[in-house]
Amino acid sequence: MSTRSPGLTQEARISAGAKSWRQRYRDIKTRWISNPAFQRWAAGFPLTRFIARRQARALFDLCAGFVYSQVLTAFVQLRISELLANGPLPLEDLARLTNLSLDATSRLMRAAASLGLARASAHDHYELGDLGASMLGNPSIAQFIAHHALLYEDLSDPVALLRGEKSTRLSQFWPYASASPDQPSSSAIAKSQFEDYAPYSNLMAQSQQLISQDIVEACSFADRRCLLDVGGGEGRFAAQVALTYDHLDVRLFDLAPVSDRASRALQAQGLGGRVRCIAGNFLHDPLPAGADIISLVRIIHDHDDQSALIVLRAAYTALPRGGRLLIAEPMADTPGAEPIGDAYFGFYLLAMGRGRPRTMAELKLLLHKAGFHSIRPLPTRRPILVSALVAEKV
């Protein structure tokens, strides 16, 4: 009797027989973990009990994640961090200040305490937990949490989203999503569209403050004379560079409505004479020449490979020999932040309408295609928020 597996070609059987010992181990491990009897045994056996319980908790957290995020949303909308900023408050005061019943307030604060946002103290008082205190130091976090209501709506049917069967609120919120290499130049965009870019542009500006210092700390501009910040939004990163390096000529390049907003914001900071704002569409217009370093801060992950190459090749053309390109954005496969790259940003950008997170290796491949060499990563203080690499035109 033949022992060959039915339905398998000879090539498939050879491939199956050539499995590495690691793959065979993973196959056996998968069969064990998926067996209910083994799960029950592992949960009771002293040497495996901790692992089994940790995995059960992780699986439940995946199921309950949306509920946790809604607790966070209520915490932000009711401004609990601000209410507790000066110290503990009794439950009765929190109920009065939030216009909730005492029972509802207790339910919210117990949930918030379980998530590390708050902490119960004596006599039915609550104070800020570590995560709640962190939000006070980063006001933009609260804005993003409120903004996530759009994302949650878009993710209500994730299969339809993956199949491209639904329009999304985020793509409407993000005016850049409609831009393409075939669009006319930014100079043709009417001034009436100025306010269309305001909500997203303001949100990005707030979040940019979190990472601008990290990027400037990671990348030295001391030997450069002129920076062109492409897709610079309202100028938070350009402002940080200008304030750090007095000798540097700083320029910002973005769509006309955004460039106008950046110019106003920089004037208000007293940096109007230090940062020059230039209007243009980096998917259509050539980049201004004259800079010996070009920065792309959270730009490449917003585009597919075709558009990303257009931007990178435009940067290569605009730079002189010896010029440098800086890319800074959240990257996939960042150690310790893998779910943030591929799960969070993967689906966030899908709802936005285009773009995807990339690994450092994928970015290096695109840079090589655009003509760049001497590509190297730069360590950042908080890679969970932003990673960076530089490349040179040789």
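**Close-up views of a predicted model**

**View A. A cluster of aromatic rings in the predicted model.** Phe221, Phe237 and Tyr245 are joined into a cluster by ring pairs. In total, six aromatic pairs are counted.

**View B. An aromatic pair between Phe66 and Tyr152.** Counted among the six aromatic pairs, the rings of Phe66 and Tyr152 meet edge-to-face, with 5.6 Å from centre to centre and 80 degrees between their planes. This pair connects distant parts of the chain, since Phe66 belongs to helix 4 (residues 49-77) and Tyr152 to helix 9 (residues 139-154), 86 residues apart. Phe66 has a relative accessible area of 49% and is partly exposed. Tyr152 is likewise partly exposed, at 22% relative accessibility; the value is not under 20%, so Tyr152 does not count as buried.

**View C. An open sheet of three strands.** The strands are arranged in the order 1-3-2, and their pairing is antiparallel. Strand 1 (89-90) and strand 2 (118-121) are the edge strands, each pairing on one side only. Four bridges join strand 2 to strand 3 (residues 125-128) in the antiparallel sense. Within this part of the sheet, Ala118 is placed opposite Leu128 of strand 3.

**View D. Helix 7 against the sheet strands.** Helix 7, made up of residues 102-114, lies across strand 2 and strand 3. The helix runs at about 115 degrees to strand 2.

**View E. A charge over a ring, formed by Lys393 and Tyr316.** The charged end of Lys393 is positioned over the Tyr316 ring, at 4.6 Å from the ring centre.

How values were computed:
Residues numbered from 1 in each chain as written. Predicted model: local features only at pLDDT ≥ 70, side-chain atom pairs only at ≥ 80, totals over all residues. Heavy atoms only, no water. Pairing = 2+ DSSP bridges. Helix = DSSP H or I, 4+ residues; strand = E, 2+ residues; numbered from the N terminus. Contact = heavy atoms within 4.5 Å. Axes fitted to C-alpha atoms, helices over the stretch in contact; angles between N-to-C directions. Phe/Tyr/Trp six-rings, centres within 6.5 Å; stacked < 30°, edge-to-face > 60°. Buried < 20%, exposed > 50% of the residue type's maximum accessible area, 1.4 Å probe, protein only. Lys NZ or Arg CZ within 6 Å of the ring centre and 35° of its normal.
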